[in-house]
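Me: I should like to go through this structure by question and answer. Please show it before the discussion begins.

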Amino acid sequence: MQTTVIRANSPWWRIPVRELWEYRDLLTLWVKRELTAVYRQTIIGPLWFVIQPLLTTIVFTVIFGTVAKISTDGIPQFIFYMSGTLFWNYFQGVLNQGATSLVSNTNILTKVYFPRLIMPLSGVFVQFAHLALNSLLFLGFYFWYYFRGSAMEPNAWVFFLPLLILQTGLLGLGFGLWVSAATIKYRDLRFALPFLVQLWMYGTPIVYPAKLVVKPILKFVLWLNPMTAVVEFSRYALTGRGSPELWGLGLSWFVTALVLVSGLFLFNKVQRTFVDTI
Amino acid sequence: MSEAAISIHNLSKRYRLGTIGRHTLIDETKYWWHKLRGRDPRKAFEKIGYGATERRRVEAEQAGNQDFWALRDVSFDVQPGEVVGIIGRNGAGKSTLLKILSRITEPTSGEVRIRGRIGSLLEVGTGFHPELTGRENVFMNGTILGMKEREVARKLDEIVAFAELSAFIDTPVKRYSSGMYVRLAFAVAAHLEPEILIVDEVLAVGDAEFQAKCLGRMQDVSKEGRTILFVSHNMAAIQALCSRAVLLRGGECQMIGNVQEITEAYLKTHLPKASHLPINERTDRSGDGSVRFTGYRIRNERNVVINAAQSGETITVELDYERTVMNDQPCFIYFRVASGETRQEKFLCFSRVSHPETLRLGRRGTIRLTIPKLPLLPGRYVVHLFCKVGKTVADELIDGLELFVVDGDFYGTGKLQKISDNSGVLVSHQWEIVNSA
């Protein structure tokens, strides 16, 4: 018979991995719920999630490509902006969902126990579904440009793309955990987050190629942003252009691991008593 | 003796003052502003409808304490198969205890050992999503409560049958009536099969028939040899279900023992003496305060203010009120009479259903409620009173006022019904014999 021991100050470093596995059905259903409930009573349903990045891409193309004439490194503008947006939206989606997971589900979390990590974790999967949908659209455009003879040379790095996607998800999760833990104490963060994420996007080579940043110190700062490597390497894999820096990729992995692990521990510490302060 | 199913050892929970309740700068400022002006900060927070624990917390802070103990050194064991009731007034620590046992929050010190799979029901329908169908919600709710998807699938037919909703199971729950919603939610909960079940006052939902069904289901569960921990204000339900009870007071465990002894002790010492404090000075109320009851009187047929009413006489209850927020929202008054001893409900006067028009409350005035032929047997009764403005509760007093009833000639026959007849309430009726031969 299973024995549960409830004690004060359960260790913050003990992530309930086995329990998470026992609750996997809840994770599946929660992901399903998040995916389907939103589209009920809408006419075009999940298509909304395709239209939004498409519009972003068009806006970027008009403003940064046509009006501001920022270089896209010889890559068709549409592909350049859309590939960046794809990854950025995934990252931002996971981050947002993770960040609000505790506060927006208070009514459930104060009434029943399950491993709290389920909530932010579900974001990784829900947003992945959106990413998959958007990738289909992207691939359509990609092949269209490719067969029209645009200068794009996909290379062996494409096999590396799944790993980059995984990294994006984990990075979003890591930051999401940090923010959700901090939001418990400082509600202000909820309002600051959208603004900070927006700023962060401009600190990532999405509307400009990383190549444009040449000053060593700025370049280091740019690559310290773990999303830089993700965007830059995925673009390189698909088009053969850009400035993939291997040291930058290593650095980005290091930062990702650091953020994720510390985020997990922090979240695990906070979730023990967060209902007292929420 | 076998090993205990739940053993609680020196369990305490402390809240640091100033860390709960006020999360925003505005709340914080408001609190200090009230203190600075020498006002009672409780007043400001009552209006937002803070819970019982919060009130005790604020009291502790005013007494100059740094900490507030919601639970202190609580220890008791529950044997496998036992049904134990937890009794205590609002703010005695019942909810905190349940939250710790259900692992929603951690204790500050002490230890709990639970042997067996635990299921806790602090609410029915947790995780229900209005857009999803009944079926989808059953799966969602079931897995949130700790079931596997397979288990839910296996029990789905049973659950739907219990809820009596087979025709609507593929309809989004937002189209359900509140009764259907609660029935479905309880049905899922009732089919959890944990070895230990922790139940908060979820039985206080649904119509009487469904409540009886739920109570029956709980009795079945306990007969199957499962351990149940049950928190309720309903003494009748506690007595019907539990073999032992624990009495909490001010976060401490005051008595443990036979359910009869404990409920009696609770009813003797813990019932608030409703009439001893003028109604406008009482703090055991909730609601946003836009309407407040400020006083009451009970008059008899001859318009004389009385202390005790007679069975069968016409009484008029006058409720004085003050209203601070004027708007077009309809007001409703809810006046529910329950036995002062067992808390069993006797009857309800609810203006929304019994008054043809909505009540128009002014800034200040008196609401007169006339009850012809008072149908109560002699005894002490308490009235649960609240006023709703639109959808929000403006003022609520669980033990709003006390009502004493003495013998009266209800039937006009010169004979009295005895309390020991267990008649519930008195109703007018006629007998007639039609002899055919």
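Me: Which residue stands opposite Val199(B) in S7(B)?

Reply: The model is predicted. In it, strand S6 (residues 196–199) of chain B runs parallel to strand S7 (residues 227–231) of chain B, and four bridges join the two. The residue of S7(B) that stands opposite Val199(B) is Phe230(B).

Me: Why is one side of S5 and of S9 in chain B left without a neighbour in the sheet?

Reply: These strands belong to an open sheet of six strands with mixed pairing, in the order S5-S6-S7-S3-S8-S9 (chain B). Strand S5 (118–121) and strand S9 (252–258) of chain B are at the edges, so one side of each lacks a neighbour because each has a single partner strand.

Me: What angle does the direction of helix H4 of chain B make with that of S7(B)?

Reply: Helix H4 (residues 94–101) of chain B packs on the six-stranded sheet. There it touches strand S3 (83–87), S5, S6, S7 and strand S8 (244–249) of chain B. Its direction and that of S7(B) make an angle of about 145°.

Me: Which strands stand at the edges of the sheet that has the order S1(A)-S4(B)-S1(B)-S2(B)?

Reply: This open sheet has four strands and antiparallel pairing. A strand at its edge has a single partner strand, so one of its sides is left without a neighbour in the sheet. The edge strands are S1 of chain A and strand S2 (67–78) of chain B.

Me: With what angle does H4(B) lie to the direction of S2(B)?

Reply: Strand S1 (residues 6–16) of chain B is joined to S2(B) by eight bridges and runs antiparallel to it, with Arg14(B) opposite Trp69(B). H4(B) packs on this sheet and touches S1 of chain A together with S1, S2 and S4 of chain B. The direction of H4(B) makes with that of S2(B) an angle of about 65°.

Me: Which residue of S4(B) stands opposite Ile6(A)?

Reply: Strand S1 (residues 3–7) of chain A pairs with S4(B) in the antiparallel sense over five bridges. Within S4(B), the residue opposite Ile6(A) is Val112(B).

Me: Which element gives the largest share of the side of chain B that touches chain A?

Reply: The contact takes 39 residues from chain B and 27 residues from chain A. On the chain B side, the elements giving two or more residues are strand S4 (109–115), S5 and helix H5 (134–144). By class, that side has 14 nonpolar, 15 polar and 10 charged residues. The largest share, seven residues, comes from S4(B).

Note on methods
Residues are numbered from 1 along each chain as its sequence is written. Chains are lettered from A and ligands numbered from 1 in the order in which they are written. This is a predicted model: local features need pLDDT of at least 70, side-chain atom pairs count only at pLDDT 80 or more; totals for chains, interfaces and linings use all residues. Two strands pair if DSSP finds at least two bridges between them. Two residues are in contact if their C-beta atoms, placed from the backbone, lie within 7 Å. Axes are lines fitted to C-alpha atoms, for helices over the stretch in contact, and angles run from 0 to 180 degrees between N-to-C directions. Ala, Val, Leu, Ile, Met, Phe, Trp, Tyr, Cys and Pro count as nonpolar, Asp, Glu, Lys and Arg as charged, and the others, Gly among them, as polar.
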